[in-house]
Amino acid sequence: MDMAQYLAAGVFVDSDSPQVIAFAKKAVKGEADADAAILRLYSTVRDSIIYDPYVSLADPANYRASSVLAAGRGFCIGKSALLAASARVIGVPSRVGYADVRNHLTSRRLYEIAKTDTFIWHSYTELYLAGRWVKATPAFDAALCERANIKPLDFDGRTDSLFQPFDPVGRRHMEYLRDRGTFADVPFDVIQAEFIATYPDWMSSHGLAGDFHAEAVAEVLSEQQPGE
């Protein structure tokens with residue numbers, strides 16, 4: 001396997017961005033061990049970048065690592081691109097992966113504009129550690145999970161980290177339906193075409209106003225109330 005493509009900068013996994021380089025180096029704090037450094041990167045991307053699916057899915061900036069870093073918020077594709085780019089900065093091969101999922105951690109407003117709780121091209125990051133590819137999913141930040149009474153999704157550097165833990169009523173917040181494979185860089189044009197065909201109203205909105213965290217948390221907590 002040619003690993004060079006998984007270490008080179010891409011258009012969206014722009015590991016040559018000075019801002020991404022500085023972010024990665026600051027996050028690992030000089031840690032020389034690749035595994036320990038990746039764990040620091042994972043938690044930093046997961047928790048310092050707010051998960052926000054209300055950003056415009058039509059704007060390529062929301063798919064690019066450096067732009068998501070600058071904004072301090074992003075949805076799964078942008079956050080996975082940032083983790084992949086940061087990993088390349090410290091010399092760990094990385095690629096971005098995608099799957100269609102059923103996401104139960106959503107808001108009523110997002111469901112109404114998407115007209116489904118199935119989300120195509122949900123993204124994770126694959127990292128090459130100890131001679132094998134391992135999946136990591138930095139989408140839902142700890143602040144969102146804690147407010148919604150959900151344990152943040154951890155990553156140990158050895159086992160795939162894909163599924164959100166069960167919530168207090170025994171429900172998973174993410175179900176994987178279809179694997180779409182992995183890529184060296186974000187396949188933006190392909191994703192855009194499928195998003196437009198699948199979510200015409202959402203795509204034409206160019207983002208939603210409001211606070212996804214507050215709306216999603218309120219709805220999750222109401223569903224966790226006994227007897228409701």
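Helices and strands here are DSSP runs, at least four residues for a helix and at least two for a strand, numbered from the N terminus. With that naming, α5 covers 108-114 and β4 covers 118-129, and the loop between them holds Lys115. One caution before going on: this is a predicted model.

I will stay with Lys115 for a moment. Its phi is positive, about 65°, although Lys115 is not a glycine. As background, most residues other than glycine have a negative phi. Is Lys115 buried or exposed? The relative accessibility is 54%, and the cut-off for exposed is over 50%, so Lys115 counts as exposed.

There is a second residue to put beside it. His206 is found in the loop between α8, residues 200-205, and α9, residues 212-223. Phi of His206 is near 55°, again a positive value in a residue other than glycine. His206 has a relative accessible area of 57%, so it is exposed as well.

Now the strands. β4, which came up as one end of the Lys115 loop, is joined to β3 by 8 bridges, and the two run antiparallel. β3 is residues 94-103. On another pairing, β3 goes with β6, residues 174-183, also in the antiparallel sense and over 8 bridges.

Tyr98 is a useful residue for finding your way here. In β4, Tyr98 stands opposite Ser123. In β6, the bridge partner of Tyr98 is Gly181. How many of the residues of β3 are buried? The count is 9 of 10, so the strand is mostly covered.

Last, a pair of helices. Two packed helices are described by the angle between their axes and the distance between the axes. For α2, residues 34-48, and α4, residues 76-89, the axes come within 10 Å and cross at roughly 150°. Angles over 145 degrees count as roughly antiparallel, so α2 is roughly antiparallel to α4. The crossing of these two helices is right-handed.

Which residues make the contact? From α2 they are Ile38, Leu41, Tyr42, Val45 and Arg46. From α4 they are Lys79, Leu82, Leu83, Ser86 and Ala87. Sorted by class, the contact of α2 with α4 has 7 nonpolar residues, 1 polar and 2 charged.

To go back over the stops: Lys115 and His206 in their loops, β3 with β4 and β6 on either pairing, and the right-handed crossing of α2 and α4.

Methods
Residues are numbered from 1 along each chain as its sequence is written. This is a predicted model: local features need pLDDT of at least 70, side-chain atom pairs count only at pLDDT 80 or more; totals for chains, interfaces and linings use all residues. Side-chain values use heavy atoms; hydrogens and water are left out. Axes are lines fitted to C-alpha atoms, for helices over the stretch in contact, and angles run from 0 to 180 degrees between N-to-C directions. Angles under 35 degrees count as roughly parallel, over 145 as roughly antiparallel, 65 to 115 as roughly perpendicular and the rest as oblique. A crossing is left-handed if the near helix is turned anticlockwise from the far one by less than a right angle, and right-handed if clockwise. Contact means heavy atoms within 4.5 Å. Ala, Val, Leu, Ile, Met, Phe, Trp, Tyr, Cys and Pro count as nonpolar, Asp, Glu, Lys and Arg as charged, and the others, Gly among them, as polar. Buried means under 20% relative accessible area, exposed over 50%, partly exposed in between (1.4 Å probe, protein chains only). Two strands pair if DSSP finds at least two bridges between them.
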